[in-house]
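Let's take a friendly walk through this protein, one piece at a time. Have a look at the picture first.

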Amino acid sequence: MQVYTPPLRDMRFVLHELIGSEALKELPGCEEVTADLIDAVLEEGAKLVTEVLAPINQAADLEGCTYENGVVRAPKGFKEAYRTYVEGGWNGIACDPKWGGQGLPASVTKFIEEMMCSANLAFGLYPGLTHGAYLAMNHHASEELKEKYLPKMVEGVWTGTMCLTEPHCGTDLGLLRTKAEPNGDGSYAITGNKIFISAGEHDLTENIIHLVLARLPDAPKGVKGISLFLVPKFLPTEDGRPGMRNGVLCTGIEHKMGIHGSATCQMSFDGATGWLVGEPHKGMRAMFTMMNSERLSVGTQGLGVGEAAYQGAVAYARERLQGRALTGAKHPDKPADPIIVHPDVRRTLMTIRAYNEGCRALSGWVARHLDIMERSTDPEERQRAEDFTALMTPIVKAMFTDLGFENASLAVQVYGGHGYIRDHGMEQYVRDARIAMIYEGTNGVQALDLVGRKLPAHAGRFLRSFFHPVLDFIDANLDDPEIGPYMGPLSKAFGALQLATGFIAEKGMKDPEEAGAAATEYLRLFGMVALGYMWARMAKLAAEKRNEPGADIAFYDAKRATARFYFERLLPQVASLWGAIKAGKGSLMALDEAVF
Ligand SMILES: Cc1cc2nc3c(=O)[nH]c(=O)nc-3n(C[C@H](O)[C@H](O)[C@H](O)COP(=O)(O)OP(=O)(O)OC[C@H]3O[C@@H](n4cnc5c(N)ncnc54)[C@H](O)[C@@H]3O)c2cc1C
């Protein structure tokens with residue numbers, strides 16, 4: 001049995017104490033987002049995921065989706081769970097009230113997302129994609145399209161998809177072949193084959209709205225010739241009901257490693273009627289609105305699975321009796337001690353814990369910037385927040401999902417053979433977590449985005465949105481009695497990040513392969529420094545808070561101890577990452593292709 005309890009205490013710590021939920025009220029549209037309201041939303045969300053989504057996670061993994069003659073059925077319980085989810089108003093929590101949403105800020109909704117990913121990642125993909133499609137349409141579609149589709153998508157009675165991938169084109173969308181021919185009445189006929197389309201077909205809702213990348217007849221070659229189209233499964237009638245069936249069909253589903261409850265569909269578009277979203281040939285721009293949001297959400301998937309895996313591992317480590325503590329029996333009344341006494345098991349648990357809590361804090365910080373970027377009335381503040389979010393998106397996507405997979409694997413290790421077999425549901429976490437490193441742009445491609453686009457952007461302006469607060473923090477806390485000792489390791493790691501940035505800027509300018517060769521290690525190094533900064537801030541805050549009257553001392557002291565673990569046992573990895581970066585591309589590119 002999987003065990004999962006939403007970590008509400010930690011979420012409240014990040015939101016209220018670390019990031020400061022009070023400041024949310026100053027943003028337009030958030031005036032009524034009080035701490036009480038936030039806590040009520042988190043608690044209701046926790047109820048939803050523990051009572052409705054978590055109980056069907058393992059069975060759905062075993063059963064998977066089924067396909068028959070173009071019809072796809074989600075696993076048992078998904079339809080009912082989806083109805084409960086929609087009736088509870090959850091689908092629209094992050095959407096504009098203009099379309100029926102609740103307009104809650106990302107600072108709050110990110111935590112609901114995390115809980116859903118922990119409880120049932122496969123289920124979460126259906127609403128997750130709808131939200132991405134909603135965002136792309138809200139930013140780029142005509143008012144007419146918005147009015148027709150968004151209220152239904154926000155309510156959740158229609159879901160959305162993103163149809164980019166084709167059999168011969170995944171990362172390199174410039175190769176895309178799907179065609180769009182004008183029908184002469186403002187609509188287009190879309191023809192082509194898409195693969196790997198999440199939620200492309202299913203039985204949860206009465207209609208499915210596909211956002212499809214395709215080429216117009218006069219399109220230039222490559223990514224500059226791609227446009228975005230809205231293609232509904234059923235063409236809506238005048239009064240907004242699903243009408244005639246459109247020329248889009250699911251021709252099969254994939255049998256895959258994990259997320260079995262999520263239908264991964266092959267889709268055939270055969271002259272399907274669609275409408276342009278945004279400008280002709282500017283489809284990648286419109287799709288990026290969706291993809292950027294999805295990338296941050298995929299990062300949250302890594303964190304969510306990592307948290308669920310951690311909780312399972314802790315529960316098992318407390319109850320599994322094997323061997324004796326190295327310093328002598330801790331539980332002499334029992335035939336053996338629980339494995340949580342062993343230093344190596346502790347190392348494993350502490351590693352997962354430190355990464356999860358660090359990522360949750362970083363996620364909260366990024367979400368705060370998302371809210372500022374979308375809502376602030378101050379253009380300069382908005383710009384800074386946008387810079388920061390753009391910089392952090394590949395880091396959150398790639399590092400959180402790498403860690404989600406690593407953490408799930410570590411959690412299996414805590415169970416020994418009992419983690420590898422199915423019963424406890426731990427191996428499911430490993431399988432489920434793996435895809436997040438691949439979709440929404442592989443993690444290798446995220447690293448290239450960081451070094452190739454984000455570092456050089458506006459002569460390093462994006463970088464400054466991170467470098468400045470970290471430098472200021474280090475300077476201000478060198479003598480702090482609690483975290484002063486961490487400022488040495490943090491500034492050393494930060495120094496390595498600066499050196500690595502300079503190295504890539506200089507070498508990469510002359511030889512782009514040098515930047516490509518350094519990219520993955522650089523992204524992890526950057527992420528480790530970002531987590532270090534979050535851990536230092538958390539440790540400082542915890543030291544202050546523990547002394548307040550009535551404080552939850554155990555919670556704050558656990559934070560401080562975990563911070564210490566991060567600085568002593570995890571942050572030192574930065575040195576080896578920097579070592580690998582400065583070695584350059586030589587050994588990577590040395591072998592002739594034929595030798596492999
Ligand atoms: C379960 C699942 C769900 C999915 N859902 C969707 C969906 O809803 N909609 C959708 O459109 N797609 C979806 N995808 C597709 C997914 O986004 C792609 O699989 C992904 O983008 C990678 O493309 P690819 O598989 O063709 O790999 P390729 O592009 O062939 O890449 C193969 C390898 O080469 C590397 N590589 C490729 N190009 C470069 C480069 N220029 N530089 C360095 N390395 C490179 C990659 O990092 C990767 O390791 C899904 C896939 C799966 C498996």
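Where is the place of R382? R382 sits in helix α9, which covers residues 379-415. One thing to keep in mind is that you're looking at a predicted model. As for its surroundings, R382 counts as partly exposed because 16 other C-beta atoms lie within 10 Å, and the cut-offs are 20 or more for buried and 12 or fewer for exposed.

Now compare that with E238, which you'll find in the loop between β8 (234-236) and β9 (242-245). E238 has 7 other C-beta atoms within 10 Å, so it is exposed.

Both of these residues can be paired with a partner elsewhere in the chain. Here are the two pairs:

| Pair | Distance along the chain | C-alpha separation |
|---|---|---|
| R382 and E166 | 216 residues | 36 Å |
| E238 and K559 | 321 residues | 57 Å |

Next, the overall layout. The domain assignment splits out domain 1 (8-140), domain 2 (160-282) and domain 3 (442-590). Taken over C-alpha atoms, the centres of domain 2 and domain 3 are 40 Å apart.

So where does the ligand lie? Domain 2 and domain 3 each give residues to the shell around the ligand, so the ligand lies between them. There are 19 residues around the ligand, and the ones that come nearest are L164, G170, T171, S198 and T442. Two or more shell residues come from each of β3 (158-163), β5 (188-198) and α12 (443-454). Sorted by class, the shell holds 10 nonpolar, eight polar and one charged residues.

On to the helices. Helix α5 (residues 106-140) and helix α7 (residues 283-319) have axes that come within 9 Å and cross at roughly 175 degrees. Angles over 145 degrees count as roughly antiparallel, which is why α5 is described as roughly antiparallel to α7. The residues in the contact of α5 with α7 are 11 nonpolar, 11 polar and five charged.

Finally, check out helix α4 (residues 78-87). Which of its residues are buried? They are F78, A81, Y82 and Y85. These buried residues span an arc of only 100 degrees around the axis, so they are on the same side of α4. There's a general reason behind such patterns: an α-helix has 3.6 residues a turn, so residues three or four places apart point the same way. Over on the other side of α4, E80 and E87 are exposed.

Key: Residues numbered from 1 in each chain as written. Predicted model: local features only at pLDDT ≥ 70, side-chain atom pairs only at ≥ 80, totals over all residues. Axes fitted to C-alpha atoms, helices over the stretch in contact; angles between N-to-C directions. Helix = DSSP H or I, 4+ residues; strand = E, 2+ residues; numbered from the N terminus. Parallel < 35°, antiparallel > 145°, perpendicular 65-115°, else oblique. Nonpolar A, V, L, I, M, F, W, Y, C, P; charged D, E, K, R; others polar. Near = placed C-beta within 6 Å. Domains from an automatic or database assignment. Arc of directions from axis to C-beta.
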